[in-house]
Amino acid sequence: GREMRHSIGLLLICTLLAVPAVAAPDGAIAVIVNKANAVDNLSGKELKAAFEGYGLPGSKDSNIAIVYLKGEVENKFNLKILGISSKKVKVYWLKRVFAGESDLRKILKTAAEVKAFIDQNETAIGFIPAVDLDDSVKPISIDGKKHDDPEYKLQ
């Protein structure tokens, strides 16, 4: 009896301690572009349009590569910027492909892969956890707020 209750209590404590590691990562998501890209700031609306495949402001080419970091960061980004789940984003792109357009998404597994791809592609836009930023790419602000601003959209 008492041994069993003690084990269950311990198991419960261990389970509760493990939960934060499974939850979505805390911290800001940095939206990044190639250092040669002229874009420094996008409004939330322009960012949403870019990730819906409508290109970047000032760019004549709407065929920009849209780079996603797979997983929890992707889910948080999609919900906060596009207002829909990752599953619905997939459906959105499938519909566009059926309409004869191309799927502009590039879905990568690590922040390092995202940075490397954007470093090689002047017209690409993507996102990574802000903690993974380095000088290989350029973070842009959203609505005039940088990723370390408390009012930044992707905190």
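Asn-41 stands opposite Ser-141 in strand S6. This is a predicted model, so please take every position I mention as computed. That pair belongs to the pairing of strand S2, residues 41-42, with S6, which is parallel and has 2 bridges.

S6 has another partner. Strand S1, residues 29-33, runs antiparallel to S6, and 3 bridges join the two. On that side, Val-33 has Lys-138 of S6 as its bridge partner.

How enclosed is S6 itself? The strand covers residues 138-142, and 4 of its 5 residues are buried, so the rest of the structure largely encloses it.

Now to the helices, beginning with H2, residues 44-51. Its buried residues are Gly-44, Leu-47, Ala-50 and Phe-51. These four span an arc of only 120° around the axis, which means they lie on the same side of H2. Just after the helix comes Gly-53, with a positive phi of about 90°.

Next, the packing of H2 on helix H3, residues 72-82. In general, a pair of packed helices is described by two quantities, the angle between the axes and the distance between them. For H2 and H3 the angle is about 125°, and the axes are 9 Å apart. H2 is therefore oblique to H3. Which residues make the contact? From H2 they are Leu-47, Lys-48 and Phe-51, and from H3 they are Phe-77, Ile-81 and Leu-82. By type, that contact has 5 nonpolar residues, 1 charged and no polar. Leu-47 and Phe-51 appear in this contact and also among the buried residues of H2.

Key:
Residues are numbered from 1 along each chain as its sequence is written. This is a predicted model: local features need pLDDT of at least 70, side-chain atom pairs count only at pLDDT 80 or more; totals for chains, interfaces and linings use all residues. Side-chain values use heavy atoms; hydrogens and water are left out. Buried means under 20% relative accessible area, exposed over 50%, partly exposed in between (1.4 Å probe, protein chains only). Two strands pair if DSSP finds at least two bridges between them. The arc is that of the directions from the helix axis to the C-beta atoms. Axes are lines fitted to C-alpha atoms, for helices over the stretch in contact, and angles run from 0 to 180 degrees between N-to-C directions. Angles under 35 degrees count as roughly parallel, over 145 as roughly antiparallel, 65 to 115 as roughly perpendicular and the rest as oblique. Contact means heavy atoms within 4.5 Å. Ala, Val, Leu, Ile, Met, Phe, Trp, Tyr, Cys and Pro count as nonpolar, Asp, Glu, Lys and Arg as charged, and the others, Gly among them, as polar.
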